[in-house]
Amino acid sequence: MNEPNAPPTFQLPEQMSTVSADIDWLYYFIYWLSVVLFVAIVTTMLYWAIKYRERKGHKAEPTGHNLPLEIAWTIAPLFILAFLFHKGFQGYMDMAIAPADSIEIRVNAKQWSWEFVYPNGGSSPELHVPVHKPVKLIMGSVDVLHSFYVPALRVKRDVVPGMFTSAWFEATHVGHDDIACAEYCGGRSTGPGGELPYEPSDDPRNPYPAGQATGHWAMHSMLFVETPEDYEKFLKGIGDKCEEFASTGKTCPADIAAAQGLRLYSNKGCLACHTTTGAPGIGPSWKGIWGKDEATNVGVVKVDENYVRESILDPQAKIVTGFGPVMPTFRGQVSDLEIDELMSYIKSLK
Ligand code: HEC
Ligand SMILES: [Cu+2]
């Protein structure tokens, strides 16, 4: 299991995923096809340009149509293109459809860092995955367009604000590779003298400095492919949010967005006023509110996506009967993505 990655080849980096070999094969096929055709066409062109150049005593003899020749050079490329399309489409479908038993990991991109949230609700700034297991990344951005890129996996996928995109891979070797954001632009550092305010990472395998550098180019992280045992150890180390659920008598949410919502519930301070047990606090408990009819100062409303969104961004618009208008607005403090996650969490509190 500890065999090294397939080494880098002529133009491509080492291979670390189940799709790398196919992708590289197609890349090199197109590459060498282009080289052969380029040389053949340019050589022929030069040869004829010299052979039929204008000279004294030579008269041009225009040729007419040559139907068989024209059909041949139309049909031949058609076969090549159909073959390339077939291989490309096959590869695309392989990469688009994640196996059903994939481990789902949430990827949150933001200016200028990555966050990875695991099925147990814990999170880390670097991506850890077990070897020989399909992993599905569900990716969202809280601000601008980013692009998740791991060269050795041959995986690159845009991460778009306001929606989820996904990518999957299965790592074939224990090892590590770089994670980069493939939106290369970004501002210069704000460090004194223009240099980067580096803080060396404490992980010796990470050659990149962590720091306050700004720009997509500064969104360096690392992928660590680990043995199943090491991966389990890592999951334990980042804290098991499922255990927190268990301690409140609930089962772990299958839905990782809900696990992320639980994190926000405490990180954003909602827990100061809202319980999840049914007991009212300064605000109504979240337990069982999803879908119910709520009495408010403007009449009865249904607790749904729009209502919850409004409650978070504009809490004074509708005041729940029996409670004071004391909830502060979280406009500008929670993103659309985070609102979705809070909603998933509220939904899970049956
Ligand atoms: C300072 C206390 C306080 C904090 C902090 C707070 N809320 Fe509230 N929240 C309230 C009160 C009081 C109400 C009921 C009055 C109202 O509708 O504005 C309420 C109502 C709500 C409702 C409507 C509930 C229902 O039963 O109709 C939602 C949803 C909600 N809050 C979400 C949140 C989220 C999400 C956070 C954290 C990001 C949060 N609240 C933080 C006090 C708070
Ligand atoms: Cu980026």
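## A guided tour from the iron site to the sheets

The site of the iron atom of ligand 1 is octahedral, with angles of 88 to 179 degrees among its 6 donor atoms. The model is predicted, and the tour begins by selecting this iron atom together with His 274 and Met 327. His 274 coordinates the iron atom through NE2 and Met 327 through SD, at 2.0 to 2.2 Å. The pair links distant parts of the chain, 53 residues apart. His 274 lies in the loop between helix H5 (256–267) and strand S13 (293–296), whereas Met 327 lies in the loop between H6 and H7.

Colour the two residues by accessibility next. His 274 has a relative accessible area of 11% and is therefore buried, since the cut-off for buried is under 20%. Met 327, at 27% relative accessibility, counts as partly exposed.

**The largest pocket**

Keep His 274 and Met 327 selected and display the largest pocket, whose volume is about 590 Å³. Its lining comprises 32 residues, and those nearest its centre are His 274, Pro 284, Trp 286, Ser 311 and Met 327. Helix H6 (305–313) and helix H7 (336–348) are the elements that give two or more residues to this lining. H6 supplies the largest share, 4 residues. Colouring the lining of the largest pocket by class should show 22 nonpolar, 7 polar and 3 charged residues.

**The copper site**

Now select the copper ion (ligand 2). Which residues coordinate the copper ion? The donors are His 146 (ND1), Cys 181 (SG), His 216 (ND1) and Met 219 (SD), at 2.0 to 2.5 Å. The arrangement is tetrahedral because the 4 donor atoms around the copper ion subtend angles of 94 to 131 degrees; the criterion for four donors is that all angles lie between 85 and 135 degrees. Along the chain, the donors of the copper ion follow the spacing H-x34-C-x34-H-x2-M.

Are His 216 and Met 219 buried or exposed? His 216 is buried, with a relative accessible area of 6%. Met 219 is likewise buried, at 1%.

**Strand S6 and its partners**

From the copper ligand His 146, move to strand S6, residues 146–150. Of the 5 residues in S6, 4 are buried, so that the strand is mostly covered. Display strand S7 (residues 155–159) beside S6: the two run antiparallel and are joined by 5 bridges. S6 and S7 form a hairpin with 4 residues between them, and Arg 154 in the turn has a positive phi of about 60 degrees.

Add strand S9 (residues 175–181), which runs antiparallel to S6 and is joined to S6 by 2 bridges. Centre the view on Tyr 149, a residue with bridge partners in both neighbouring strands. Its partner in S7 is Lys 156, and its partner in S9 is Ala 180.

**The five-stranded open sheet**

For the last stop, select strands S1, S2, S3, S5 and S8. These 5 strands form an open sheet in the order S3-S2-S1-S5-S8, with mixed pairing. Strand S3 (123–124) and strand S8 (165–170) stand at the edges; each has a single partner strand, so one side of each is left without a neighbour in the sheet. Strands of a sheet pair through backbone hydrogen bonds, either parallel or antiparallel.

At the S3 edge, show the backbone of strand S2 (residues 113–117). S2 and S3 pair in the antiparallel sense over 2 bridges. Finish on Phe 116, which stands opposite Ser 124 in S3.

Notes. Residues are numbered from 1 along each chain as its sequence is written. Chains are lettered from A and ligands numbered from 1 in the order in which they are written. This is a predicted model: local features need pLDDT of at least 70, side-chain atom pairs count only at pLDDT 80 or more; totals for chains, interfaces and linings use all residues. Side-chain values use heavy atoms; hydrogens and water are left out. On a 1 Å grid over the protein atoms alone, a cavity is a set of points where a 1.4 Å probe fits but cannot get out, and a pocket is an open set with protein on both sides within 12 Å along at least five of seven lines; lining residues have an atom within 4 Å of a point. Grid points are joined across faces, edges and corners, and a volume is the space filled by probe spheres set on the points. Ala, Val, Leu, Ile, Met, Phe, Trp, Tyr, Cys and Pro count as nonpolar, Asp, Glu, Lys and Arg as charged, and the others, Gly among them, as polar. Donors are N, O and S atoms within 2.8 Å of the metal (3.2 Å for Na, K and Ca); water is not among the atoms, so sites may look incomplete. Four donors count as tetrahedral if all angles lie between 85 and 135 degrees; four count as square planar and six as octahedral if opposite donors are over 155 degrees apart and all others between 65 and 115; anything else is irregular. Buried means under 20% relative accessible area, exposed over 50%, partly exposed in between (1.4 Å probe, protein chains only). Two strands pair if DSSP finds at least two bridges between them.
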